Amino acid sequence: MERFAWKGRIKEGMQAEYKRRHDEIWPEMKELLKSAGIGNYSIWSDGRDVFGYYECEKGIAFAEKTQAQSPIVDKWNDYMQDVLELVMDPETGAQPKMTQVFMLE
């Protein structure tokens, strides 16, 4: 099981809207994430800073490729553009990977 972590920043004054959109996440977006082998996905916030973590049953490369090739992900990213500051990796089409420095199992 590979793990993936990303970070972003909610635009000023958009914290409630960011939360609302995730409370109402599209069923097709959930299905796409699952088909990419993504599970145990959570997003945390500290003010405007957000941190996401998920586990990749089929590996990070498969999850990245599945997301990069999906029009649903493109649509979601467009939908979130007005509330979230997020730099995407041009190679993978996903959020840049954070480097794991510690893990306790």
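1. In this predicted model, arginine 48 counts as buried, at 17% relative accessibility. Arginine 48 forms a salt bridge with glutamate 85, and the closest N and O atoms of the two are 3.6 Å apart. Arginine 48 belongs to the loop between β2 and β3, whereas glutamate 85 belongs to strand β4, so the contact ties together parts that are 37 residues apart in sequence. Glutamate 85 is partly exposed, with a relative accessible area of 39%. The N to O distance of 3.6 Å may be read against the criterion for a salt bridge, which is a separation within 4 Å.

2. The search of the whole structure yields eight salt bridges. One of them joins the side chains of arginine 9 and aspartate 49, at 2.5 Å from N to O. Arginine 9 is in strand β1 and aspartate 49 in strand β3, so this pair ties together parts that are 40 residues apart in sequence. Arginine 9 counts as partly exposed at 31% relative accessibility, and aspartate 49 is likewise partly exposed, with a relative accessible area of 37%.

3. A further salt bridge lies within helix α1. Glutamate 17 and arginine 20 form this bridge, their closest N and O atoms being 2.6 Å apart. The two residues are separated by about one helical turn, because they are three residues apart in helix α1. Glutamate 17 is partly exposed, with a relative accessible area of 22%; arginine 20 is also partly exposed, at 32%. Salt bridges with shared partners join Glu17, Arg20, Arg21, Glu24 and Asp82 into one network.

4. Arginine 21, a member of that network, deserves separate comment. Arginine 21 is found in helix α1 and is buried, with a relative accessible area of 7%. Arginine 21 also lies over the face of tyrosine 79, at 4.4 Å from the ring centre. The C-alpha atoms of arginine 21 and valine 83 are separated by 9.7 Å, although these residues are 62 residues apart along the chain.

5. The structure holds five aromatic pairs. Tryptophan 26 and tryptophan 76 make up one of these, with an edge-to-face arrangement: 4.9 Å from centre to centre and 85° between the planes. This pair links distant parts of the chain, since tryptophan 26 is in the loop between α1 (15-23) and α2 (27-35), and tryptophan 76 is in helix α4 (residues 71-80), 50 residues apart. Both tryptophan 26 and tryptophan 76 are buried. In addition, lysine 75 lies over the face of tryptophan 26, at 5.1 Å from the ring centre.

6. A second aromatic pair concerns the strands. Tyrosine 41 and tyrosine 54 are edge-to-face, with 4.8 Å between the centres and 65° between the planes. Tyrosine 41 lies in strand β2 (residues 38-46) and tyrosine 54 in strand β3 (residues 49-56), so the pair ties together parts that are 13 residues apart in sequence. Tyrosine 41 is partly exposed, with a relative accessible area of 32%, whereas tyrosine 54 is buried, at 1%. Ring pairs link Phe4, Tyr41 and Tyr54 into a cluster.

7. Strand β3 pairs with both β1 and β2. Seven bridges join β2 to β3, and these two strands run antiparallel. Strand β1 (residues 2-10) pairs with β3 in the antiparallel sense as well, over eight bridges. Cysteine 56 in β3 is the bridge partner of glutamate 2 and also of isoleucine 38. Strand β3 is mostly covered, with six of its eight residues buried.

8. The turn between β2 and β3 may be examined in the same context. These strands form a hairpin with two residues between them, and glycine 47 in the turn has a positive phi of about 65°. Aspartate 46 has aspartate 49 in β3 as its bridge partner. Aspartate 49 is also the residue that meets arginine 9 in a salt bridge.

9. On the surface, Trp44, Phe51 and Met98 form a nonpolar patch, with about 320 Å² of accessible area together. Methionine 98 lies in the segment after β4 (84-85) and counts as partly exposed, at 37% relative accessibility.

How values were computed
Residues are numbered from 1 along each chain as its sequence is written. This is a predicted model: local features need pLDDT of at least 70, side-chain atom pairs count only at pLDDT 80 or more; totals for chains, interfaces and linings use all residues. Side-chain values use heavy atoms; hydrogens and water are left out. Rings of Phe, Tyr and Trp (its six-membered ring) pair if their centres lie within 6.5 Å; planes under 30 degrees apart count as stacked, over 60 as edge-to-face and the rest as tilted. Helices (H or I, at least four residues) and strands (E, at least two) are DSSP runs, numbered from the N terminus. Buried means under 20% relative accessible area, exposed over 50%, partly exposed in between (1.4 Å probe, protein chains only). A charge sits over a ring if NZ of Lys or CZ of Arg is within 6 Å of the ring centre and within 35 degrees of the ring normal. Patches are made of residues with over 30% relative accessible area and no salt bridge: like charges are joined within 9 Å, nonpolar side chains (Val, Leu, Ile, Met, Phe, Trp, Tyr) within 5 Å. Accessible areas come from the Shrake-Rupley method with a 1.4 Å probe; for residues, only the protein chains shown count as cover. Two strands pair if DSSP finds at least two bridges between them.
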